[in-house]
Amino acid sequence: MEAWLAILLIGAVLCAIMAIRSARLLAAAIWLAGVSALVSLVLYLLGAQIIAVIELSVGAGLVTVLFVFAINIAGEEAMDLRGLVPEPLAVVLVGVAAIMLGWMVLPALGVIPPLAESPFSELLWQDRGLDILVQIVLIFAGVIGVLGLIGEAPRAVPAHPPGEAELEAGSESLKEIEA
Amino acid sequence: MTDTALQIIVIGVLGLVGVGLYGLLAVRNLIKVIVALQIAVKGVLLGLVAAGMASGQPNLGESLAVTVIVADTIVAVVGLALAVQVRRHVGTLDIKALSSLQR
């Protein structure tokens, strides 16, 4: 199992690197779907089947569709600009952060046997009931976000309705064209 | 889950979060920033489930992971809607162009 975990995680990290490095936005979205699929496989191997299915359907399915939809609306933009932070500095910062996190976490690792806890459904719907309420609020926020995604741009409305003089001028020009 | 498997997962989590953090620092395209954020959250999600299993409370980790998935999806939706509107109004997805003080 450890070998499969290592292979899947290496694949996920490689897909993530490709998603960041790819020049086209559509390719980045597809690589991101690959990350989600590989992470859901890792979750399945760990024994969290419910989370794996949710991650696969939402992360690799719904989110990818949303990305493709948004890229189609916004359009591909060739942007080969330097980032806000110089690339070597970004690499050093990320490396330092990863080393510090690993230095703190890895020595303290240890698996303890499962404790007595409530079943998943009871834990989710009763013990973590507040989380469910927050999720409902978030879903409403997401609906508003989708409206912003698919909403049309507002049409240009004239600042004031045409006056009588403008209407007369328009009708005169129309007569001239007809003549 | 064995200790070796847990160490492999933690290293993978560090890799995913690191790549996501690098993307947040080094990318200027607004949609790519959302991609980088998604990658970092995938790592955190994996870490949550692994931490729940390592601490003997797998169901707690999984219930928290559900919340993270929902929040992550909503962040992606709102971020993409923001990117589309920025593209319509500003004409670019470059996050540096969003700062009106630099014009």
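1. Confidence in chain A. This is a predicted model, and confidence varies along chain A. Helix α7 of chain A (residues 164–178) scores lowest, with a mean pLDDT of 69. Helix α2 of chain A (residues 25–46) scores highest, at 94. The average pLDDT over chain A is 83. Of its residues, 84% reach at least 70. Please keep the α7 value in view when reading the C-terminal helix listed as residues 164–178.

2. Architecture of chain A. Chain A has 7 helices and 0 strands. Read from the N terminus, the order is α-α-α-α-α-α-α. The chain counts 179 residues, and 30% of them are buried. Among contacts with a separation of 6 or more, 56% link residues 24 or more positions apart. The accessible surface of chain A is about 11,600 Å². Carbon and sulfur atoms hold 71% of that area.

3. Architecture of chain B. Chain B has 3 helices and 0 strands. Its pattern along the sequence is α-α-α. Of its 103 residues, 58% count as buried. Contacts in chain B between residues at least 6 apart were also sorted by separation: 55% join residues at least 24 apart. The accessible surface of chain B comes to about 3,600 Å². Carbon and sulfur atoms account for 67% of it.

4. The cavity. How many cavities of 30 Å³ or more does the whole structure hold? The search finds 1. The volume of the largest cavity is about 60 Å³. Both chains contribute to its lining: chain A gives E55(A), V58(A), G59(A) and V63(A). From chain B come Q38(B), V41(B), K42(B), L45(B), V68(B), I69(B), D72(B) and T73(B). Three helices each supply at least two of these residues: α3 (49–74) of chain A, and α2 (30–54) and α3 (58–90) of chain B. By class, the lining has 6 nonpolar, 3 polar and 3 charged residues.

5. D72(B) at the cavity. One of the lining residues deserves its own entry: D72(B). D72(B) sits in helix α3 of chain B. Is D72(B) buried or exposed? D72(B) counts as buried because its relative accessible area is 9%, and the cut-off for buried is under 20%. Leaving out residues up to four places away in sequence, D72(B) touches Q38(B), V41(B) and K42(B). Q38(B), V41(B) and K42(B) also appear in the cavity lining.

6. The second largest pocket. Its volume is about 160 Å³. On the chain A side, L62(A), L66(A), I139(A), G142(A), V143(A) and V146(A) line the pocket. On the chain B side, the lining residues are V70(B), T73(B), I74(B) and V77(B). The elements giving two or more residues are α3 and α6 (129–150) of chain A, together with α3 of chain B. Which classes make up this lining? There are 8 nonpolar and 2 polar residues, and no charged ones.

7. Cavity and pocket side by side. T73(B) is named in the lining of the largest cavity and in that of the second largest pocket. Helix α3 of chain A and helix α3 of chain B each supply at least two residues to the cavity lining, and both helices also give two or more to the pocket lining. The cavity lining includes 3 charged residues, whereas the pocket lining has no charged residues.

Notes. Residues are numbered from 1 along each chain as its sequence is written. Chains are lettered from A and ligands numbered from 1 in the order in which they are written. This is a predicted model: local features need pLDDT of at least 70, side-chain atom pairs count only at pLDDT 80 or more; totals for chains, interfaces and linings use all residues. Side-chain values use heavy atoms; hydrogens and water are left out. pLDDT is the predictor's confidence in each residue, from 0 to 100. Helices (H or I, at least four residues) and strands (E, at least two) are DSSP runs, numbered from the N terminus. Buried means under 20% relative accessible area, exposed over 50%, partly exposed in between (1.4 Å probe, protein chains only). Contact means heavy atoms within 4.5 Å. Accessible areas come from the Shrake-Rupley method with a 1.4 Å probe; for residues, only the protein chains shown count as cover. On a 1 Å grid over the protein atoms alone, a cavity is a set of points where a 1.4 Å probe fits but cannot get out, and a pocket is an open set with protein on both sides within 12 Å along at least five of seven lines; lining residues have an atom within 4 Å of a point. Grid points are joined across faces, edges and corners, and a volume is the space filled by probe spheres set on the points. Ala, Val, Leu, Ile, Met, Phe, Trp, Tyr, Cys and Pro count as nonpolar, Asp, Glu, Lys and Arg as charged, and the others, Gly among them, as polar.
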